[in-house]
Number of protein chains: 2
Amino acid sequence: MSLSHALLTALLEHPCSGSELADRFDRSIGYFWPATHQQIYRELAGIEKSGWIESLPPESGRGRKRDYRVLPAGEAELKRWVVEPQNPRTVRDELLVRLRAEAIVGPTYLQVGVEQRMLRHQARLAHYLNLERRDFSNPDPDRAQRLRHLVLQAGIDSERRWIDFCRTTLSILAETNPR
Amino acid sequence: MSLSHALLTALLEHPCSGSELADRFDRSIGYFWPATHQQIYRELAGIEKSGWIESLPPESGRGRKRDYRVLPAGEAELKRWVVEPQNPRTVRDELLVRLRAEAIVGPTYLQVGVEQRMLRHQARLAHYLNLERRDFSNPDPDRAQRLRHLVLQAGIDSERRWIDFCRTTLSILAETNPR
DNA sequence: CCGAACATGTAAGCCGTTACATGATTTA
DNA sequence: TAAATCATGTAACGGCTTACATGTTCGG
């Protein structure tokens, strides 16, 4: 259950409400663990019942903002989880499935999809590079900053690799272009 | 629904039964789109009902092998799907979540998990390199071969990238090692 | 002919996605 | 004060995982 622990992390960085959490997710942890607001509200309710967080003021149900903060039990749980043995990540990439299919039923116009995907990776790379310039220019970062920078660099590297891969794919597809 | 189309691809490459399909998946398409035998049986039943495949002989229910082959409608569907607009892939990587958490609650012994993960990537890389030597030594591959090779190379590249990333991570974690 | 391995299948639970609903707050 | 927006939540569905169940074939 990575989402609950991602939420604990975000709430430790800065206590806030569900909607603010959803906004912050969209431009930080959500880059490598996306979540919609529905998921976030459901999960917040769950981990509150577990005693890992508490919601502070209103209690008056719907429509009112509820701010959460992490309880000691939540921080302990997060510490425990960080070093828990990791089960192998499951990779799932649709483009690779499509390429295998194209090898059988092609040539097709798959190149159009690959081009679109390359554009998305390029846009994302540019965005990440902006974040890097903005948030990680400090010449003498502390430990936490270096770790967060490392995570961003993983994203940057990943986008670059996919752009390269799309280029290679396009050159192979082009050789027997259906037109 | 990538799984159904991955199954169509595998069945086009070579018609076979569910259990054989599950075996073959484990050492080809399953590298980038894993599936258990339960998923595969369920999905086969589904796409047979859709009229994309047909099962040949026994029909006598449980325990008996059932061989499937792709119908023309299935091949048409696969062709359609290959060029269908792709929705952005969703990335989900637990290690990156852990690193963000470690930046807050650390230092911890996360390095142990990172080392384990690096070992897994190294093992997988070695395996992929063996496959490459075995299946892609042909000096003059045809289009389909080149595309399949490309997919394997994506896997090789990915493993190398993760190994590098684990190394960098370990060096940053080591600087403030708990002990 | 009996037990092990094989082949297929069922069931429950979790997580994620999508669509929709309702109460509160802001703004024109 | 009505409409738009914000904040929270419900409901339904689908795919994946895990555990289990049932029938068939094969090897000793």
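Q: What makes the pair formed by a polar backbone atom of B:Ser19 and a phosphate oxygen of DNA strand C a polar contact?
A: In this predicted model, the two atoms are 2.6 Å apart, and because a polar contact is a pair of N or O atoms within 3.5 Å, the pair qualifies. The model is predicted, with local features needing pLDDT of at least 70 and side-chain atom pairs pLDDT 80 or more, while totals for chains, interfaces and linings use all residues. Residues are numbered from 1 along each chain as written, chains are lettered from A and ligands numbered from 1 in written order, and side-chain values use heavy atoms without hydrogens and water.

Q: Which side chains of chain A make polar contacts with DNA strand C?
A: A polar side-chain atom of A:Gln38 lies 2.9 Å from a base nitrogen of DNA strand C, whereas a polar side-chain atom of A:Gln39 lies 2.8 Å from one of its phosphate oxygens.

Q: Which residues count as near DNA strand C, and which come nearest?
A: A residue is near a strand if one of its heavy atoms lies within 4 Å of it; there are 22 residues around DNA strand C, of which A:Met1, A:Gln39, B:Ser19, B:Tyr41 and B:Arg66 come nearest. Of the strand atoms within 4 Å of the protein, 62% belong to sugar or phosphate and the rest to bases.

Q: Which polar contacts does the protein make with DNA strand D?
A: Backbone N or O atoms of A:Ser19 and A:Arg66 lie 2.6 Å and 2.7 Å, respectively, from a phosphate oxygen of DNA strand D, and a base oxygen of that strand is 3.4 Å from an N or O atom in the side chain of B:Arg42.

Q: How do you know that chains A and B have the relation of a two-fold axis?
A: Chain A can be laid on chain B with an RMSD of 0.1 Å by a turn of 180 degrees and a shift of 0.0 Å along the axis, which is the relation of a two-fold axis. The superposition is by least squares on C-alpha atoms of residues with pLDDT of at least 70 in both copies. The same surface serves both copies, since 100% of the contact residues of chain A (contact being heavy atoms within 4.5 Å) recur in chain B.

Q: Why does the span of helix α6 of chain B agree with its number of residues?
A: At 1.5 Å a residue, the 26 residues of α6 (residues 110-135) of chain B should span 38 Å, and the end C-alpha atoms are 37 Å apart, which agrees. The expected span is 1.5 Å times one less than the number of residues.

Key:
Helices (H or I, at least four residues) and strands (E, at least two) are DSSP runs, numbered from the N terminus. A polar contact is a pair of N or O atoms within 3.5 Å; within protein, one must be able to donate a hydrogen and the other to accept it, and residues adjacent in sequence count only if both atoms are side-chain atoms.
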